[in-house]
Amino acid sequence: MTTPTALLSSPLTRGPGALPRQRQLIQRLKQAILAGQLPAGGKLPSSRALSEELAISRNTVLIAYEQLTAEGYVIADRQGTRVAPLSAAAAIAAKRAAPPSPQPSLTAKRLTRIVSTRYAHDGSLPMTPGTPALTQFPINAWRRAQDRALQAAPATALGYGHPVGEPALREAIAQYLRVSRGVRCDASRIVITEGAQGALALCVQLLTNPGDTAWLEDPGYRGAKSAFHGGDLDVVAMRVDADGIVIPENAWHERPPRLIQTTPSHQYPTGAVLSLPRRLALIERARQAGAWIIEDDYDSEFRHQGEPIAAMQGLVEDAPVLYVGTFSKTMFPALRLGFLVLPEAIASQAMPSIIEMMRGGHRLEQLTMAAFMENGQFSRHLGRMRRLYRERQAALREALATHLGIEHEVLGGHSGLHLTVRLPAQYPDREIVQQMRKLGMNPGALSSFAVTPRTEDNGLVIGYGNTGAERFAGLVRKIGEVALGLKGSRSAP
């Protein structure tokens with residue numbers, strides 16, 4: 001067999017912007033082989049003959065043939081250069097001849113349970129929930145800490161680190177958590193993760209099997225729901241009231257959990273604080289049921305009234321609690337550093353598996369974060385941000401009371417970077433949010449955080465972390481105008 005005449009009679013592209021001729025020739029021959037135009041066993045022209053036909057140098061053809069041989073498209077021997085037998089070519093040709101068939105799902109079935117509730121948005125837009133005041137971050141202090149970390153780190157710091165994180169950062173976190181959050185831990189039980197989401201996914205990997213039951217706050221953190229569904233867990237939504245997660249007595253018998261997710265210090269998104277009686281009861285019942293509690297200590301550093309609320313993990317000795325934290329809100333989201341504190345009861349058993357599953361990375365960022373904490377910059381930054389967020393929340397509360405102009409209820413709100421505002425059902429939250437984004441504002445719809453939205457889940461989650469206090473009067477007034485314009489346009493959940 002010889003090369004089809006069409007391949008020889010079509011000249012290669014020349015002139016400005018054209019690909020190099022050897023690359024054009026390689027692509028042309030590859031496409032012809034994969035399409036079946038050059039069948040297996042077909043002999044290609046000699047390098048001299050092809051160079052003459054295409055008016056190119058012989059070296060160009062030789063380089064192309066060598067590349068095709070290296071990639072397995074052709075076979076070169078004493079008899080010449082021949083097309084290699086490729087099963088893909090036959091499959092492609094057969095597919096072209098056969099009628100189209102329905103395309104099965106190409107992804108795992110569990111992915112069908114992970115329904116997207118996110119939206120493309122610019123996190124710098126005002127009122128974005130969960131976005132800190134990035135313009136107020138002490139970038140010069142961070143740069144100095146980074147420079148010191150780079151100068152002190154040996155060349156080996158450019159390689160893989162310890163799978164569970166840099167020892168210096170784990171020790172700094174342990175010391176911070178013991179003093180500021182009342183967490184019972186030491187560095188040996190801390191695992192550095194890719195943000196809080198990485199910590200949640202690790203909890204699922206360590207403690208569950210597909211089909212196990214997990215309880216989730218409702219409305220609650222969507223990342224936890226995704227992590228549970230990603231582990232093929234049976235997710236049960238537990239409602240939240242003014243005192244935190246509510247667990248019916250019969251649930252312990254009818255749908256006993258393996259994991260229980262909660263944000264006790266500042267429930268996301270309602271802002272509720274899990275009461276002490278419920279904390280103690282939850283710990284005791286989880287212990288009896290052989291379940292594990294994931295305490296996502298969301299926004300606990302930014303409490304605006306009274307003293308910080310201690311972590312649930314430290315309430316009792318050997319509590320069945322996995323403590324999850326992150327620097328995404330206290331520092332900046334792009335840092336992508338979170339951490340997981342393992343209970344002593346499982347740390348020694350789990351660590352060998354974790355070390356085998358993970359690879360140590362982000363070493364320079366971890367060393368910089370450790371230096372930032374050790375030299376006191378982290379505590380000073382938190383102090384400045386607490387004062388700033390306290391002022392911004394007060395301004396938002398005043399603006400809501402003065403300028404919203406419609407009936408509403410502010411939920412929780414003594415911590416964190418956002419306020420949640422419950423609205424009457426005739427003001428559909430998702431339509432309001434959609435219009436707000438067109439106007440360059442980015443609050444969240446409360447109903448989008450619920451597994452099965454109810455009437456009381458209609459409202460707005462308004463971030464104030466990234467929005468100056470002086471802007472709230474005008475922004476809230478605009479929300480009120482949009483809400484009134486949409487009144488009764490659609491029934492809320």
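A salt bridge is a side-chain nitrogen of Lys or Arg within 4 Å of a carboxyl oxygen of Asp or Glu. In this predicted model, D218, R239, R454, E456 and D457 are linked in a network of such contacts. Side chains of opposite charge can pair when their charged atoms come close. Across the whole structure, the search finds 15 salt bridges.

Confidence was examined next. The protein chain has an average pLDDT of 89. A score of at least 70 is reached by 91% of the residues. Among the elements of the chain, β7 has the highest mean pLDDT, at 98. Helix α5 (residues 87-97) has the lowest, at 54. Where pLDDT is low, the predicted coordinates should not be read in detail.

The domain assignment divides the protein chain into domain 1 (4-96), domain 2 (137-376) and domain 3 (380-491). The centres of domain 1 and domain 2, taken over C-alpha atoms, are separated by 56 Å.

An open sheet is formed by 4 strands. Their order is β11-β12-β14-β13, and the pairing is antiparallel. β11 (409-411) and β13 stand at the edges. Each has a single partner strand, so one side of each is left without a neighbour in the sheet.

Strand β14 (residues 459-463) pairs with strand β12 (residues 418-422) over 5 bridges, in the antiparallel sense. One of the bridge partners is G463 in β14, which is matched with H418. Strand β13 (residues 444-445) also runs antiparallel to β14, and 2 bridges join them. Here A445 has L460 of β14 as its bridge partner, while G444 stands opposite V461.

How many residues of strand β14 are buried? The count is 5 of the 5, so the strand is largely enclosed by the rest of the structure. G459, V461 and G463 point one way from β14. L460 and I462 point the other way. Both sets are buried, that is, under 20% relative accessible area.

A salt bridge also links two strands of the sheet. E409 pairs with R422, and their closest N and O atoms are 3.3 Å apart. E409 lies in strand β11 and R422 in strand β12, so the pair ties together parts that are 13 residues apart in sequence. E409 is partly exposed, with a relative accessible area of 39%. R422 counts as partly exposed too, at 27% relative accessibility.

Two further salt bridges involve strand β5 (residues 234-241). In one, R255 pairs with D234, with the closest N and O atoms 2.8 Å apart. This pair links distant parts of the chain, 21 residues apart. R255 is in the loop between α10 (251-254) and β7, whereas D234 is in strand β5. R255 is partly exposed at 35% relative accessibility, and D234 is partly exposed at 27%.

In the other, R278 forms a salt bridge with D241. The closest N and O atoms are 2.8 Å apart. R278 lies in helix α11 and D241 in strand β5, so the pair ties together parts that are 37 residues apart in sequence. R278 counts as partly exposed, at 26% relative accessibility. D241 also counts as partly exposed, at 32%.

Backbone geometry was then considered. Which peptide bonds are cis? One is the bond from D218 to P219, with omega near -5°. P219 is found in the loop between β4 (213-218) and α9 (222-230). D218 also belongs to the salt-bridge network described above. Another cis peptide bond joins Y268 and P269, with omega about 15°. P269 sits in the loop between β7 (259-262) and α11 (276-289).

Positive phi values occur at D299 and H362, neither of which is a glycine. For D299, phi is about 60°. D299 is placed in the loop between β8 (292-296) and β9 (321-326). For H362, phi is near 50°. H362 is placed in the loop between α12 (344-357) and α13 (363-374). Are these two residues buried or partly exposed? D299 is buried, with a relative accessible area of 3%. H362 counts as partly exposed, at 39% relative accessibility.

Conventions:
Residues numbered from 1 in each chain as written. Predicted model: local features only at pLDDT ≥ 70, side-chain atom pairs only at ≥ 80, totals over all residues. Heavy atoms only, no water. Buried < 20%, exposed > 50% of the residue type's maximum accessible area, 1.4 Å probe, protein only. Pairing = 2+ DSSP bridges. Domains from an automatic or database assignment. pLDDT = per-residue confidence, 0-100.
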